[in-house]
Amino acid sequence: MALQTELKPEDWRFCVASMIDWTDEWCRHFHRLLSKRARLYTEMIASPALVHGNRARLLGYEKGVNPVALQLGGSNPAELAQCAKWGEEAGFDEINLNCGCPSPRVQSGDFGVVLMLSPQKVADCLKAMQDSVSVPVTVKHRIGVDDQTSYGFVRDFVGTVHEAGTRVFIVHARAAWLKGLSPKENRDIPPLNRELAAQLKADFPDSIFVVNGGIKTLSECQTELGRFDGVMLGREAYNNPWLLTEVDHALYGDPESTLTRDEVVEQMADYVDLVQEREPLAARTAVNHLMGLALGLPGARHWRRLLTDPALWKTKKAGEIVRLAWKEVKPEAGMED
């Protein structure tokens, strides 16, 4: 068995969730400019895709953006162990197994939240991954699946995985309803139950618990850190990225950030030009991650419109488009309606 890194709860104090089609390497580069402390997660990457696809492209690891966790989807222990090893070799600080995604496509591949119905299989997968790497191996899961919503269900799931050696649990504090709800609806309609998640923390005191689901403000984060080791934000961190500039001070006690949006725009304009040189088709994706930077500011609509203007993309470089669009924004003028 590989020697596991000593776990420190503060390493998971604030996390940005894995989000498919959003938290790619370009998004993570942007988020790291805003917060030096936040723990970032890749998109969920299916283990068969890593085995049979373009591994370097899929891993998308960038030095200097750590701490970053690689999130995997899969149910084959040997395959996941190999992918975990590749992730560690690439430089990721953590390997996370997704047992929370409700997508029908994921269900058909026998991974994601359906794995919660087979806790021993999850335990076998995590054990194999732990044996192959020295970085922490963690799991993200829901609090229930369909009609399996009792506390006993999720407690037994966590207990089985705990027996296999896992000590970091990221709990999306909603059940997943696989019958009748889309993945988008599964993010909002099943009711939040953070109290149930907090009971897990009480019953497994030697483990680290990170709560995810419905958290929108740093004030909420501070409240939840009174009973959890960490908090994880998803859509709010993506749609309102400037919030990340307050994380290091508010949640870690670091000096207040002096970073300005103008500085971020300049850095990201240079960065997306480099992206465009390396991978021309990726530049638009990289720029799309900046859409929320002007949230609430006068000119935000023009910012978003210009970043996606087809005419501009035909004649100008990515960085030039970013700078041009920012001229429409007035950060000092107060809030947009």
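Start at Asn98, whose side chain reaches the backbone nitrogen of Gly100 at 2.8 Å. That side chain has a second partner: one of its polar atoms lies 2.8 Å from the backbone nitrogen of Cys101. Keep in mind as you look around that this is a predicted model.

Where does Asn98 sit? Its place is in strand β5, which covers residues 94–99. Its relative accessibility is 7%, so Asn98 counts as buried, the cut-off being under 20%. Setting aside residues up to four places away in sequence, Asn98 touches Met44, Gln71, Leu72, Gly112, Leu115 and Lys140.

From here, move along to Val113. Val113 belongs to the loop between α5 (104–108) and α6 (119–132). Is this loop residue buried or exposed? Val113 is buried, because its relative accessible area is 0%. Its contacts beyond four places in sequence include Cys99, Gly100 and Cys101, and you have just met Gly100 and Cys101 as the residues whose backbone nitrogens pair with the side chain of Asn98. Val113 is also in contact with Pro102, Arg142, Val145, Ala176 and Leu178. For a sense of distance, take Ala17: it is 96 residues from Val113 along the chain, and their C-alpha atoms are separated by 16 Å.

Now zoom out for a moment. The chain has 16 helices and 9 strands. Its C-alpha atoms fill a box of roughly 55 × 45 × 40 Å along the principal axes. How does the radius of gyration compare with that of a compact globule? For 337 residues such a globule would come out near 20 Å, and the chain has 20 Å, so the two agree. Of the 337 residues, 55% count as buried. Among contacts with a separation of 6 or more, 73% come from residues 24 or more positions apart. On the outside, the chain exposes about 14500 Å², with carbon and sulfur atoms supplying 51% of that. As for charge, there are 39 positive and 46 negative side chains, and the centres of the two sets lie 3 Å apart.

Next, have a look at helix α1, residues 25–34. This helix is mostly covered, with 10 of its 10 residues buried. The charged side chains are part of that picture: the buried residues of α1 include Glu25, Arg28 and Arg32, along with Trp26, Phe30 and Leu33. In general, an α-helix has 3.6 residues a turn, so residues three or four places apart point the same way. What caps the N-terminal end of α1? Asp24 does the job, with a side-chain oxygen 3.1 Å from the backbone nitrogen of Trp26.

One residue that packs against α1 is Met268, which is found in helix α12. Met268 touches His29, Phe30 and Leu33, as well as Leu290, leaving out residues up to four places away in sequence; His29, Phe30 and Leu33 are among the buried residues of α1. Met268 has a relative accessible area of 1%, so it is buried too. The C-alpha atoms of Met268 and Val287 are 8.4 Å apart, with those positions 19 residues apart along the chain counted as their separation.

For contrast, try Thr258, in the loop between α11 (247–252) and α12 (261–278). With 72% relative accessibility, Thr258 counts as exposed, because the cut-off is over 50%. Thr245 is 13 residues away along the chain, and its C-alpha atom is separated from that of Thr258 by 8.9 Å.

Finally, a few backbone details. Most residues other than glycine have a negative phi, and most peptide bonds are trans. Which residues here have a positive phi without being glycine? Asp21 is one of them, at about 75°, and Asp146 is another, near 50°. Asp21 sits in the loop between β1 (14–16) and α1, and it is exposed, because its relative accessible area is 58%. Asp146 is in the loop between β6 (137–142) and α7 (151–163). As for the peptide bonds, a cis bond joins Asn66 and Pro67, with omega about 0°. Pro67 lies in the loop between α3 (55–59) and β4 (68–73).

Technical notes: Residues numbered from 1 in each chain as written. Predicted model: local features only at pLDDT ≥ 70, side-chain atom pairs only at ≥ 80, totals over all residues. Heavy atoms only, no water. Helix = DSSP H or I, 4+ residues; strand = E, 2+ residues; numbered from the N terminus. Rg over C-alpha atoms; globule rule 2.2 N^0.38 Å. Buried < 20%, exposed > 50% of the residue type's maximum accessible area, 1.4 Å probe, protein only. Contact = heavy atoms within 4.5 Å. Areas by Shrake-Rupley, 256 points an atom, 1.4 Å probe, with all protein chains shown as cover. Lys, Arg positive; Asp, Glu negative; His and termini not counted. Charge placed at Lys NZ, Arg CZ, Asp CG, Glu CD. Polar contact = N/O pair within 3.5 Å; in protein donor to acceptor, adjacent residues only side chain to side chain.
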